[in-house]
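Here's a quick look at one sheet and one helix residue. Have the structure open as you read.

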Amino acid sequence: MTSAEKLSVAQARRITLAAQGFTDPKPGGATDLRHLRRVLRRLHLIQMDSVNVLQRAHFMPLYSRLGPYPAGLLERAAYRKPRELFEFWGHEASLIRADLQPLFRWRMARASEYAWGGMRRIVAEQPELVAWVLDEVRRRGPITASDIEHDAPRSKDNWGWNWSVVKQALEWLFWSGQVTAAERTTSFARRYDLPERVLPPAVLAAPTPPLADAIRSLVDLSGQALGVASEPELRDYFRLPVKECRAAVAELVEEGVLRPVAVQGWKPVAYLHRDAKLPRRVDVATLISPFDPLIWQRERTERLFDMTYRIEIYVPRPQRLYGYYVLPFLLGDRFAARVDLKANRQTGVLEVPSAWLEPSAGQDETAVALAAELRRLAGWLGLEAIAAPVAGDFAGPLSEALKSP
């Protein structure tokens, strides 16, 4: 795109959506690994979460960008050889491109700084137990914590999160890179194994970059994925340390990879990545998961889309504004509505506890587009029907649209 020192919010919004893959062509036929790889080259990682009220979080970003796709593709990429993804702490718990594993070895080496207190305590207070657990993984892996926790040597009582000491030891070994996730059970528990039995040989053989080089590469990738972003947003994408991230941003500016720009109404300085594209328009109609990288940074979401969004899973029911598991609906380059959704797998019904229209959206157009998207989502989830919305200022119009063929 042409050199520019100033961007409007609308331009920044379209740049972001293009960088996140929303302007890429949808698969013309059957979705395959090529399409999955294209999205992963955009996002670099996908956040995981155990909540399964609708669909597990890591499946949704691909759906939002590709439309209905075989969920088995992601399982294959993450848990079958040759692995294209691996589990680690990227932006929270994440599935990360396997070729990027060397860029995260600094975090593994700093596990004593980053891991939670219970994990740090167990390696300090019960190193013999940690060594025993690692030997069990080496001997019996892949294994879950429950496979061995009853065989563990006598130890102290459970610590925070109600995890057993064996689980704490496994999570320490996971944080420090001594074990990795070989697969997930049907109950979403990790099966742990040694990295050399899981990761591709080429990844294991890749040299470990110096810390500064790794952080600079990760900031570059953040810039690619966001298109235009402030320094805190570049840092948040991979949860990078402040000092090292700021140094990397300065170097990338000097190299011309990032260019400082002023976005209208933004207080922080923004950085435009040299690969960023400014499409004339964005033509998309899709639901966005609460854990989608497009809306990870809530303040950024407000500045780009003029929408205040918070996930309310942990908010007591009487205090929720919109619902338990609310997904924003992206129509064009704006969020037009938000819906609280639940997949009732016993009845085969997609439930809509509430639906809300955004102030700047057109009611009729949004109702028709959202009804079509809910039908598409229900079909992908294998649900046979969609219940009428129960509450919210958009429940009536959306109900009427859902009645139409």
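How many bridges join strand β10 to β11, and do they run parallel or antiparallel? Three bridges link β10 (residues 285-287) with β11, and the two run antiparallel. Keep in mind that this is a predicted model.

## The sheet as a whole

These strands belong to an open sheet of five, ordered β10-β11-β12-β13-β14, with mixed pairing. At the edges sit β10 and β14 (385-386), each with a single partner strand, so one side of each has no neighbour in the sheet.

## Strand β11 and its partners

β11 covers residues 326-331 and is mostly covered, with five of its six residues buried. On the β10 side, Leu287 stands opposite Phe329 of β11.

On the other side, β11 pairs with β12 (residues 334-344), again in the antiparallel sense, over six bridges. Going along β11, Leu330 has Phe335 of β12 as its bridge partner, and Leu331 is matched with Arg334 in β12. As a general point, side chains in a regular strand alternate between the two faces of the sheet.

## The turn

β11 and β12 make a hairpin with two residues between them. Gly332 is in that turn, and its phi is positive, about 70 degrees.

## Over at helix α11

Now for Ala202, which is found in helix α11 (residues 201-205). Is Ala202 buried or exposed? Ala202 counts as exposed because its relative accessibility is 63%, and the cut-off for exposed is over 50%.

Ala202 also pairs up with a distant stretch of sequence for a distance check: Asp99 is 103 residues apart from Ala202 in sequence, yet their C-alpha atoms are 8.4 Å apart in space.

Definitions and conventions
Residues numbered from 1 in each chain as written. Predicted model: local features only at pLDDT ≥ 70, side-chain atom pairs only at ≥ 80, totals over all residues. Heavy atoms only, no water. Buried < 20%, exposed > 50% of the residue type's maximum accessible area, 1.4 Å probe, protein only. Helix = DSSP H or I, 4+ residues; strand = E, 2+ residues; numbered from the N terminus. Pairing = 2+ DSSP bridges.
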